[in-house]
Amino acid sequence: MTAGRPIPHESAELHVAGEAVYIDDMLVNELLLVGRVVTSPAAHGRIASFDLAQARALPGVHAVLSWKDIPGANQMGPVV
């Protein structure tokens, strides 16, 4: 890279060529797993305990994760 030249976006060529694949272009079928994030309704509240047994027992549920499943620093986000 030459100083002062911008770094091209990783999918720029696909966008320009009209070949980029967007979420709405992807096929949805029975093999697709969908994730959901459930947060506390109380901002800055303290959760004393929780029981995930009922969630895990629901039909079609493949996994239920909690803070205990996050290795290292307990952070979650698009950047972390």
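Let's start at I23, which sits in the loop that runs between α1 (12-17) and α2 (53-57). Keep in mind as you look around that this is a predicted model. Is I23 buried or exposed? Its relative accessible area is 66%, and the cut-off for exposed is over 50%, so I23 counts as exposed. I23 also has company: together with V21 and M26, I23 makes up a nonpolar surface patch of about 340 Å².

Stay in that loop and move along to H44, which is also placed between α1 and α2. H44 is exposed too, with a relative accessibility of 85%. Now check the backbone here: what is the phi of H44? The value is positive, about 60 degrees, even though H44 is not a glycine. That is worth a look, because most residues other than glycine have a negative phi. To get a feel for how the chain runs from here, go from H44 to A57: the two are 13 residues apart along the chain, and their C-alpha atoms are separated by 29 Å.

Next, hop past the second helix to S66, which lies in the segment after α2. S66 has a relative accessible area of 15%, and buried means under 20%, so S66 counts as buried. Which residues does S66 touch, once its neighbours within four places in sequence are left aside? The contacts are with F50 and L52. For another distance, try S66 and S40: these residues are 26 apart along the chain, with 12 Å between their C-alpha atoms.

Now zoom out to the whole protein. There are two helices and zero strands. The protein has 80 residues, and 6% of them count as buried, with S66 being one that meets the buried cut-off. How does the radius of gyration of the protein stand against that of a compact globule? A compact globule of 80 residues would come out near 12 Å, whereas the protein has 20 Å. If you'd rather think in terms of a box, the C-alpha atoms fill one of roughly 55 × 35 × 25 Å along the principal axes. As for the outside, the accessible surface adds up to about 8,300 Å², and carbon and sulfur atoms account for 59% of that.

Terms used. Residues are numbered from 1 along each chain as its sequence is written. This is a predicted model: local features need pLDDT of at least 70, side-chain atom pairs count only at pLDDT 80 or more; totals for chains, interfaces and linings use all residues. Side-chain values use heavy atoms; hydrogens and water are left out. Patches are made of residues with over 30% relative accessible area and no salt bridge: like charges are joined within 9 Å, nonpolar side chains (Val, Leu, Ile, Met, Phe, Trp, Tyr) within 5 Å. Accessible areas come from the Shrake-Rupley method with a 1.4 Å probe; for residues, only the protein chains shown count as cover. A salt bridge is a side-chain nitrogen of Lys or Arg within 4 Å of a carboxyl oxygen of Asp or Glu. Helices (H or I, at least four residues) and strands (E, at least two) are DSSP runs, numbered from the N terminus. Buried means under 20% relative accessible area, exposed over 50%, partly exposed in between (1.4 Å probe, protein chains only). Contact means heavy atoms within 4.5 Å. The radius of gyration is taken over C-alpha atoms; the globule rule is 2.2 Å times the number of residues to the power 0.38.
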